[in-house]
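User: I'm new to reading protein structures and I'd like a close look at one part, with the surroundings explained as you go. Could you walk me through it in plain language?

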Amino acid sequence: MAIRQIWQLFSSRLAQIEEILKVEPSLPSIEIVEKCCGPQTRSHVFGFGGGVKAKDMRGGTSSKTELLSQLRSTQEENKSLNEKNKSLNDRLSTLEDEMKEIRKMQEFFATQQSYNPHMTSPASTE
C-alpha cells in the first residue's frame with residue numbers, strides 16, 4: 001500500500017471518528033472502533049496494537065447479580081475497615097493522652113530534683 005493510500009485511509013477513519021464523537025461523545029472506545037472498522041474479533045483491536053483484545057475493552061461479562069454481590073461484599077469490607085480504623089484512632093488518642101500525662105510527670109519530677117539537689121533517684125544504689 002502506498003503512503004498516499006495509507007494517508008487517505010487514515011484521514012477517512014479519522015473523519016468517521018470525529019463524526020461519531022459529535023453525535024455520541026460518551027461512546028466507549030471499542031464501540032467507536034467497531035463503528036469505523038467493523039467488529040473486532042481477532043487477537044487485537046484496530047488502532048490499539050497487539051495484545052489488546054475486544055473483550056478486554058468491553059469489560060467482563062459478569063451478571064448483575066454477581067456485580068451486586070461483589071458490591072455488597074465490598075461495602076461490608078469497607079464498613080469493617082472503617083470500624084477498625086475508628087477503633088485504632090480511639091486507641092491512638094488514648095495513648096497520646098497518656099503520653100502527655102507521662103511527660104507532665106517527668107517535668108514535675110525534673111523540677112522537684114532541681115529544687116532539691118540532694119534527692120537521689122530511686123534507681124540509685126548508694
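User: Is Lys 104 buried or exposed, and what is its relative accessible area?

Analyst: Before we zoom in, keep in mind that this is a predicted model. Now to your residue: Lys 104 is exposed, because its relative accessible area is 52% and the cut-off for exposed is over 50%.

So what does that side chain do out there? Lys 104 makes a salt bridge with Glu 101, with 3.8 Å from N to O. Glu 101 is partly exposed, at 43%. Both residues belong to helix H4, which covers residues 64–115, and they sit three residues apart, so about one helical turn lies between them. That spacing is worth remembering: an α-helix has 3.6 residues a turn, so residues three or four places apart point the same way.

How far can you trust this part of the model? Among the elements of the chain, H4 has the highest mean pLDDT, 91. At the other end is strand S1, residues 44–45, with the lowest mean, 58. Where pLDDT is low, the predicted coordinates should not be read in detail. For the chain as a whole, the mean pLDDT is 80, and 73% of the residues reach 70 or more.

Let's stay with H4 a little longer. Met 105 lies in this helix, and it is partly exposed, with 46% relative accessibility. Met 105 helps to make a nonpolar surface patch of about 500 Å², together with Met 99, Ile 102, Phe 108 and Phe 109.

Two members of that patch bring us to the rings. The whole structure holds two aromatic pairs. In one of them, the rings of Trp 7 and Phe 10 have centres 5.6 Å apart and planes at 35 degrees, so this pair counts as tilted. Trp 7 and Phe 10 are both in helix H1, three residues apart, or about one turn of the helix. Trp 7 is exposed at 57%, while Phe 10 is partly exposed at 46%. Phe 108 and Phe 109, from the patch, make an edge-to-face pair, with 5.6 Å from centre to centre and 65 degrees between the planes. Phe 108 comes out as partly exposed at 47%, and Phe 109 is partly exposed too, at 49%.

Now back to salt bridges, since your lysine is in one. The count for the structure is four. Another of them joins Lys 22 and Glu 19, at 4.0 Å from N to O. These two sit in H1, residues 3–23, and being three residues apart they are separated by about one helical turn. Lys 22 is exposed, with 63% relative accessibility, and Glu 19 is partly exposed, with 45%.

There's also a bridge between Glu 24 and Lys 35, at 2.8 Å from N to O. This pair links distant parts of the chain: Glu 24 is in the loop between H1 and helix H2, Lys 35 is in H2 (29–37), and 11 residues separate them. Glu 24 is partly exposed at 31%, and Lys 35 is partly exposed at 47%. Lys 35 gives us another look at how H1 and H2 are placed: its C-alpha atom is 8.3 Å from that of Ile 20, although the two residues are 15 apart along the chain.

What about the other residues of H2? Ile 30, Ile 32, Val 33 and Cys 36 are buried there. They cover an arc of only 160 degrees around the axis, so they are on the same side of H2. Just after the helix comes Gly 38, with a positive phi near 90 degrees.

To pull it together around your starting point: Lys 104 is exposed and bridges to Glu 101 across about one turn of H4. Met 105, in the same helix, belongs to the nonpolar patch. If you'd like one thing to try on screen, find Lys 104 and Glu 101 and look at the salt bridge between their side chains, then find Phe 108 and Phe 109 and look at how their planes meet at 65 degrees.

Terms used: Residues numbered from 1 in each chain as written. Heavy atoms only, no water. Helix = DSSP H or I, 4+ residues; strand = E, 2+ residues; numbered from the N terminus. Buried < 20%, exposed > 50% of the residue type's maximum accessible area, 1.4 Å probe, protein only. Arc of directions from axis to C-beta. Patch = residues over 30% accessible without salt bridge, like charges linked within 9 Å, V, L, I, M, F, W, Y side chains within 5 Å. Areas by Shrake-Rupley, 256 points an atom, 1.4 Å probe, with all protein chains shown as cover. pLDDT = per-residue confidence, 0-100. Phe/Tyr/Trp six-rings, centres within 6.5 Å; stacked < 30°, edge-to-face > 60°.
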